[in-house]
Amino acid sequence: MTTRAVETWTLEPLVKFVKEAGARLVLVMTSAGQVLAQHGFSRAVDVMSAAALGAAIMASTDEMARQLRQPPFAALNHQGERHGIFLAGLATGRGRLVALVVYDLDVSSLGLVQLFFEQLATDLQAASPKESVPKQVLAADFERQLSDSLNTLFGR
Amino acid sequence: MTAPAAAYGKALDLITRVRSVRGAMLVSAEDGIVVAEQLMEGIKGPAVSALAASLAARLQRAMEAAGVGASLFWHLQAEQGALLVVPTSGGTLVVAVAEPDVNVGLVRLELLRAAEVVG
């Protein structure tokens, strides 16, 4: 399984997290669903779908929290028969990011993912470029940037 | 039938009363999350619980592969302490963290009693 990053500062923390938590698939993305790094995905279409769905879930739970006049929920876990999905936000110098983690229940557990996610958040915070201003993505550039990102994420 | 949550604290209390025990926890074996805990300061409950559950799952597979059945009690002795665990039939681990000089037999007895309460 390969780990690849569009923004290279995310790579080392992500590789470490995958190894320690035993994660099967991981996406690190912005709140808008722009992927910065991925592990385990083999098709671009899967990355795009997972990023869009993950970002939408985070946006929904953020809005629910806002309506309840609460701070945003820290994390969300969905456990199936064989796999678990863990979705959580983290603060970095690059702004608020979202991590989507899929883990096999016979290899890892929610406890392990939570435990090493805290370390991932700390490592990403430390590795992130300071005082960076996120680039504005114009509609005209969107497709080209998406295509460039997917090429990087799949080593093309 | 499992015990009400109030009984968990009492079960843990009996374990932590044993001399040289630094803490006790009930851990969900499936997801490695703390169910109840009584720990001294400095013990990282969530970390111990996640790693103990992970270890329990691997030990379970080793026991099955060896054809010796399910594990009933394990004791890991380290330089500066010990980890003692009894899995329950209901999928909970009763965990004790202790000093190196702990009376292992006595802790084991209390862990087994707690496992009966938890079910």
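**A pocket, a sheet and some contacts in a predicted model**

The second largest pocket is lined by 25 residues. Those nearest its centre are B:Ala29, B:Glu30, B:Ala56, B:Ala57 and B:Gln60. Three elements of chain B give two or more residues to this lining: helix 2 (45–66), strand 4 and strand 5. Helix 2 of chain B gives the most, with seven residues. The pocket holds about 410 Å³ of space. By class, its lining has 13 nonpolar residues, eight polar residues and four charged residues. The model is predicted, and every value reported here is computed from it.

Two of the lining elements, strands 4 and 5 of chain B, also pair with each other. Strand 5 covers residues 92–98. Strand 4 covers residues 81–87. The two run antiparallel and are joined by six bridges. Along this pairing, B:Val86 in strand 4 has B:Val94 in strand 5 as its bridge partner. B:Ala82 stands opposite B:Ala98 of strand 5. The two strands form a hairpin, with four residues between them. The turn includes B:Gly91, which has a positive phi of about 90 degrees.

Strand 5 of chain B has a second partner. Strand 1 of chain B, residues 21–28, pairs with strand 5 in the antiparallel sense. Seven bridges make up this pairing. In one of them, B:Val27 is matched with B:Leu93 of strand 5.

Strand 4 of chain B also pairs with strand 3 of chain B, residues 74–78. This pairing is antiparallel too, with five bridges. Here B:Gln77 stands opposite B:Ala82 of strand 4. B:Ala82 also stands opposite B:Ala98 in strand 5. Strands 3 and 4 of chain B are joined by a hairpin of two residues.

Burial was examined next. In strand 5 of chain B, seven of seven residues are buried, and the strand is mostly covered. Its side chains point two ways. B:Thr92, B:Val94, B:Ala96 and B:Ala98 point one way. B:Leu93, B:Val95 and B:Val97 point the other way. Residues of both sets are buried. Strand 4 of chain B is mostly covered as well, with six of its seven residues buried.

Helix 2 of chain B contains B:Ala52. The relative accessibility of B:Ala52 is 2%, so this residue counts as buried. B:Ala52 and B:Val95 are 43 residues apart in sequence. In space, their C-alpha atoms are 8.2 Å apart. B:Val95 belongs to strand 5 of chain B, so this distance links the helix to the strand.Aromatic contacts are few in the model. One aromatic pair is found over all chains. The pair consists of A:Phe86 and A:Phe117. Their ring centres are 5.3 Å apart, and their planes meet at 65 degrees. Planes over 60 degrees apart count as edge-to-face, so the pair falls in that class. A:Phe86 lies in strand 5 of chain A, residues 83–92. A:Phe117 lies in helix 3 of chain A, residues 110–127. The pair therefore ties together parts that are 31 residues apart in sequence. Both rings belong to buried residues: A:Phe86 has a relative accessibility of 2%, and A:Phe117 has a relative accessible area of 9%.

A ring in chain B has a charged neighbour. B:Arg108 lies over the face of B:Phe73. The distance from B:Arg108 to the ring centre is 5.4 Å.

Positive phi values also occur in residues other than glycine. For A:Arg69, phi is near 55 degrees. This residue is found in the loop between helix 2 (44–67) and strand 4 (75–79) of chain A. A:Arg69 has 77% relative accessibility, so it counts as exposed. For B:Ser20, phi is near 75 degrees. B:Ser20 lies in the loop between helix 1 (5–16) and strand 1 of chain B. Its relative accessible area is 16%. The cut-off for buried is under 20%, so B:Ser20 is buried.

Technical notes: Residues are numbered from 1 along each chain as its sequence is written. Chains are lettered from A and ligands numbered from 1 in the order in which they are written. This is a predicted model: local features need pLDDT of at least 70, side-chain atom pairs count only at pLDDT 80 or more; totals for chains, interfaces and linings use all residues. Side-chain values use heavy atoms; hydrogens and water are left out. Buried means under 20% relative accessible area, exposed over 50%, partly exposed in between (1.4 Å probe, protein chains only). Two strands pair if DSSP finds at least two bridges between them. On a 1 Å grid over the protein atoms alone, a cavity is a set of points where a 1.4 Å probe fits but cannot get out, and a pocket is an open set with protein on both sides within 12 Å along at least five of seven lines; lining residues have an atom within 4 Å of a point. Grid points are joined across faces, edges and corners, and a volume is the space filled by probe spheres set on the points. Ala, Val, Leu, Ile, Met, Phe, Trp, Tyr, Cys and Pro count as nonpolar, Asp, Glu, Lys and Arg as charged, and the others, Gly among them, as polar. Rings of Phe, Tyr and Trp (its six-membered ring) pair if their centres lie within 6.5 Å; planes under 30 degrees apart count as stacked, over 60 as edge-to-face and the rest as tilted. A charge sits over a ring if NZ of Lys or CZ of Arg is within 6 Å of the ring centre and within 35 degrees of the ring normal.
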